[in-house]
Amino acid sequence: MTRAIDIHNHFFPEAWPDLAARYGTPNWPWIKHTEPGKAEIMVGDRFFRHIYSACWDPEVRLAEMERDGIDMQVMSATPVLFAYERPVEHALDCAQLFNDAELQLCARGNGRLKSLCQVPLQDIDASCKELSRCMRSGHLGVQIGNHVGEKNLDDPGIVTFLHHCADEGAAVLVHPWDMLGTQRMPKYMMPWTVGMPAETQLGIVAMILGGAFDKLPANLRICFAHGGGSFAFLLGRLENAWQHHPVAHGVCEQAPGSYVNRFYVDSAVFDERALKFLVETMGTDRVMLGSDYPFPLGEHRVGNLIRSSHLSPHSKEMLLGKNAQEFLGLKLDVPVSEPGLRQDPIVPQGEQLTYSSYLRVPELLELQHPQSRPQHHDEMLFIIVHQTYELWFKELLHDLDAVISNLQAAGGKAQLRDEVYEAARLLRRCTEITRVLVEQFTILETMLPTHFLAFRGKLEPASGFQSEQFRELEFLCGLKDEKMLRYHKPTPEAHAQLERRLREPSLRDAFFEALRAMGKLKIDDNATDRERFDARARAILSLYQDEHSNRDWIDVCERLTEFDELVVSWRLRHIQLVERVIGVRMGTGGSAGSSYLKLTLDKKFFPELWEARTLLTE
Ligand code: HEM
């Protein structure tokens with residue numbers, strides 16, 4: 001059995017000396033604390049990045065690991081601290097400062113935080129010495145940049161350093177930095193989205209073609225961040241050049257593809273199809289959980305991509321932890337965590353699993369904290385009803401994520417219908433849950449309006465507007481409204497999660513993309529929004545018009561329609577409850593209350609499914 005180990009994430013200490021003053025040179029990174037728990041990393045006068053306390057506070061980090069079911073994180077510094085272009089004595093001193101600070105963080109991590117050090121890679125001797133010092137003091141390896149100025153990873157000095165890493169048993173994480181072509185990428189975060197993948201690919205290709213892997217011992221454990229950048233996707237292109245153009249041959253002994261068993265990549269690719277492809281290209285034993293946590297471009301629920309993927313349980317186990325154990329040289333024997341479960345074993349050794357320990361009943365029953373003093377009897381009901389809704393929202397998100405994956409898989413293979421069946425089956429579950437959610441309001445209606453008003457004042461400014469999961473559900477289904485993010489400013493994690501949902505393909509997208517992949521939906525590139533809408537509605541119409549061939553897809557359409565219908569019922573019942581309890585008064589979230597909520601009744605996730613019905617009767 002293995003653990004869930006995240007091998008790619010970052011830290012910053014809460015404070016460090018003024019490096020510009022210490023070395024007498026400008027433009028060193030420094031930390032500006034802006035408000036409790038939040039800071040900005042500055043480089044000289046230039047803003048570099050927003051960060052929050054998970055970077056420096058082990059308690060915050062451990063709580064989020066707990067939330068995500070992660071047993072261990074192996075932290076590294078951020079490349080902005082590498083200082084490879086500085087005099088070696090400054091870079092070494094800086095490396096030592098951060099390497100030691102990192103160990104201090106680990107010491108407060110209950111054994112669940114480990115570290116990779118950094119070295120002044122512009123000087124190989126100094127790097128080897130610092131690596132050896134760090135390995136003796138408890139680091140598990142080193143994080144290096146993918147190049148040092150003009151030198152790529154096949155540079156003889158860097159190869160010597162990597163040889164030393166193998167001798168020391170140090171794991172090596174290669175992180176892209178100092179991106180090429182930045183003068184053409186001043187905007188839109190392109191150095192991160194375009195430059196980084198290219199840099200990483202360059203690092204791998206240089207090592208392969210430059211013969212570094214042929215010179216290095218097979219026991220070198222080296223991993224490239226961000227799924228190895230664009231390497232896996234363009235390996236075919238590299239092989240083609242290698243086969244047909246002697247000039248592209250480099251000095252390597254074998255074809256490029258045969259080196260994929262010499263290195264690892266992490267899973268930070270943010271797309272299930274990319275992850276699947278990566279595993280197919282690299283092998284199940286070569287991809288490891290890496291999140292880039294806690295930075296804004298990282299995975300916001302660490303491990304979610306792997307866990308929610310359609311990889312086999314065996315592959316998931318390898319990716320979540322087993323491969324990392326090999327990479328890090330750890331020998332552990334603790335079960336893989338699932339999200340929501342705690343790190344500590346459910347059953348203390350020697351005791352039997354019980355109903356209560358399995359379901360965490362004591363912890364669950366600790367979660368109700370009425371605010372009224374003296375405590376108003378009905379506040380407990382108010383809390384429990386809301387918590388129950390949130391639990392069901394969690395299940396809905398869990399199931400709808402799986403529906404999206406099924407639809408994505410189904411689109412690619414029109415003949416195999418298992419995924420379509422599975423999507424319909426899970427959608428049925430979602431409609432049944434939503435039916436219960438509609439009914440549940442009656443319980444709250446047993447509360448007299450006067451009783452609610454007795455403790456309502458204690459709730460402000462908390463409001464249903466801040467239900468992250470409700471908004472996630474809307475975004476996931478396809479109703480994406482960026483403006484609603486403003487209600488989540490007080491909770492950066494929720495904000496970040498919603499931003500991710502905004503970027504990701506929605507259920508609507510996945511459904512129509514599947515129809516497109518099956519050749520049932522064709523949309524002209526120049527089509528207007530109205531024409532696109534009509535084309536989508538007609539694609540649905542065509543499914544219904546050939547019932548015999550499309551039974552399973554029609555079932556999906558029916559389930560989606562029913563879900564849409566039930567969510568509107570939920571909105572309506574919620575309005576009725578609101579009017580029953582507070583009439584037409586304003587909400588605690590500052591909206592006009594029921595008159596605002598009535599505007600949401602027109603919202604539909606899948607308007608084309610309804611339009612198709614109008615078309616059918618034409
Ligand atoms: C006494 C009971 C309740 C009252 C008086 C109430 C009141 C309101 C009001 C006035 C709003 C509009 C936003 C604002 O200005 O605050 C709202 C929004 C919302 N409420 Fe409730 N609510 C109640 C119970 C519930 C329950 C049980 C849930 C279950 C999760 C819930 C979930 C929501 C959600 C998700 C929104 C945002 C809806 C949207 O933006 O479309 N509410 N509520």
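Student: In what order do the eight strands of the open sheet lie, and which strands are at its edges?
Tutor: In this predicted model, eight strands form an open sheet with parallel pairing. Its order is E1-E5-E6-E7-E8-E9-E10-E11. Two strands pair on one side only, and these edge strands are E1 (5-10) and E11 (287-288).

Student: Which residue stands opposite Asp266?
Tutor: Strand E10 covers residues 264-266 and runs parallel to E11, joined to E11 by two bridges. The partner of Asp266 lies in E11. That residue is Met288.

Student: Which helix packs on this sheet, and what angle does its direction make with that of E9?
Tutor: The helix touches strand E8 (171-175) and strand E9 (222-224). It is H6, residues 190-209. The angle between the direction of H6 and that of E9 is about 145°.

Student: Where is His226, and what is its phi?
Tutor: His226 is found in the loop between E9 and helix H8 (235-244). The residue is not a glycine, yet its phi is positive. The value is about 50°.

Student: Which peptide bond is cis in the loop between E11 and helix H10?
Tutor: The loop between E11 and H10 (304-307) contains Pro294. The bond leading into Pro294 has omega near -5°. The cis bond runs from Tyr293 to Pro294.

Student: What is the omega of the bond from Arg373 to Pro374?
Tutor: Pro374 is found in the loop between helix H13 (361-364) and helix H14 (379-411). The bond from Arg373 to Pro374 is cis. Its omega is near -5°.

Student: How are the three strands of the other open sheet arranged, and by how much are neighbours turned against each other?
Tutor: The order is E2-E3-E4, and the pairing is antiparallel. The edge strands are E2 (29-35) and E4 (46-52), each pairing on one side only. Ignoring direction, neighbouring strands are turned against each other on average by 30°.

Student: How many bridges join E2 and E3, and which residue stands opposite Pro29?
Tutor: E2 and E3 (residues 38-43) pair in the antiparallel sense over six bridges. The residue opposite Pro29 lies in E3. That residue is Val43.

Student: Which residue in the turn between E3 and E4 has a positive phi?
Tutor: E3 and E4 pair in the antiparallel sense over six bridges, with Ile41 opposite Arg49 in E4. The two strands form a hairpin with two residues between them. In that turn, the residue with a positive phi of about 60° is Gly44.

Student: Why is H21 described as roughly perpendicular to H24?
Tutor: Helix H21 (residues 529-545) and helix H24 (residues 607-616) have axes 8 Å apart and pack at an angle of about 65°. Angles of 65 to 115 degrees count as roughly perpendicular. H21 is therefore, relative to H24, roughly perpendicular.

Student: How do the residues of the contact of H21 with H24 divide into nonpolar, polar and charged?
Tutor: H21 passes H24 in a right-handed crossing. H21 contributes residues including Phe533, Ile540, Leu541 and Arg536, and these meet a set in H24 including Leu609, Leu615, Leu616 and Glu611. The division is ten nonpolar, one polar and six charged.

Student: Which residue is the single protein donor to the iron atom of the ligand?
Tutor: The donor atom is an NE2, placed 2.2 Å from the iron. The residue lies in helix H22 (residues 551-582). It is His574.

Conventions. Residues are numbered from 1 along each chain as its sequence is written. This is a predicted model: local features need pLDDT of at least 70, side-chain atom pairs count only at pLDDT 80 or more; totals for chains, interfaces and linings use all residues. Side-chain values use heavy atoms; hydrogens and water are left out. Donors are N, O and S atoms within 2.8 Å of the metal (3.2 Å for Na, K and Ca); water is not among the atoms, so sites may look incomplete. Helices (H or I, at least four residues) and strands (E, at least two) are DSSP runs, numbered from the N terminus. Axes are lines fitted to C-alpha atoms, for helices over the stretch in contact, and angles run from 0 to 180 degrees between N-to-C directions. Angles under 35 degrees count as roughly parallel, over 145 as roughly antiparallel, 65 to 115 as roughly perpendicular and the rest as oblique. A crossing is left-handed if the near helix is turned anticlockwise from the far one by less than a right angle, and right-handed if clockwise. Contact means heavy atoms within 4.5 Å. Ala, Val, Leu, Ile, Met, Phe, Trp, Tyr, Cys and Pro count as nonpolar, Asp, Glu, Lys and Arg as charged, and the others, Gly among them, as polar. Two strands pair if DSSP finds at least two bridges between them.
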